[in-house]
Amino acid sequence: MAVLQRILSFIWGILLAVGKLLCLTARLVMSLFLLVLQLVLVIFHAGSST
């Protein structure tokens, strides 16, 4: 049973690490998307104002 518990805790640790990575990646993608959106809006406004 000790081996099974060790394997389970190992898998749990991997799942937690993957979850944290996914969360960080999602945040990064969201912030990049918002940044690009702001740039596009600024360029669009600059283009339409002339």
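A nonpolar patch lies on the surface of this predicted model, and the residues that form the patch are Val3, Ile7, Phe10, Ile11, Trp12, Ile14, Leu15, Leu16, Val18 and Leu22, which together offer about 1,000 Å² of accessible area. One of these residues, isoleucine 7, has a relative accessibility of 45% and therefore counts as partly exposed, since that class lies between the limit for buried residues, under 20%, and the limit for exposed ones, over 50%.

Isoleucine 7 has its place in helix α1, which takes in residues 2–49, and the secondary structure of the protein as a whole comes to one helix and zero strands. Arginine 27 lies in helix α1 as well, and because its relative accessible area is 60%, arginine 27 is classed as exposed. Between the C-alpha atom of arginine 27 and that of serine 9, which stand 18 residues apart along the chain, the separation is 27 Å.

The overall dimensions can be read next. Taken along the principal axes, the box filled by the C-alpha atoms of the protein is roughly 75 × 5 × 5 Å, and the radius of gyration is 22 Å, whereas a compact globule of 50 residues would have a value near 10 Å.

The accessibility of the whole chain completes the description. Of the 50 residues of the protein, 0% count as buried, a class that requires a relative accessible area under 20%. The protein exposes about 4,900 Å² in total, and carbon and sulfur atoms supply 82% of that area.

Conventions
Residues numbered from 1 in each chain as written. Predicted model: local features only at pLDDT ≥ 70, side-chain atom pairs only at ≥ 80, totals over all residues. Heavy atoms only, no water. Helix = DSSP H or I, 4+ residues; strand = E, 2+ residues; numbered from the N terminus. Rg over C-alpha atoms; globule rule 2.2 N^0.38 Å. Buried < 20%, exposed > 50% of the residue type's maximum accessible area, 1.4 Å probe, protein only. Areas by Shrake-Rupley, 256 points an atom, 1.4 Å probe, with all protein chains shown as cover. Patch = residues over 30% accessible without salt bridge, like charges linked within 9 Å, V, L, I, M, F, W, Y side chains within 5 Å. Salt bridge = Lys/Arg side-chain N within 4 Å of Asp/Glu carboxyl O.
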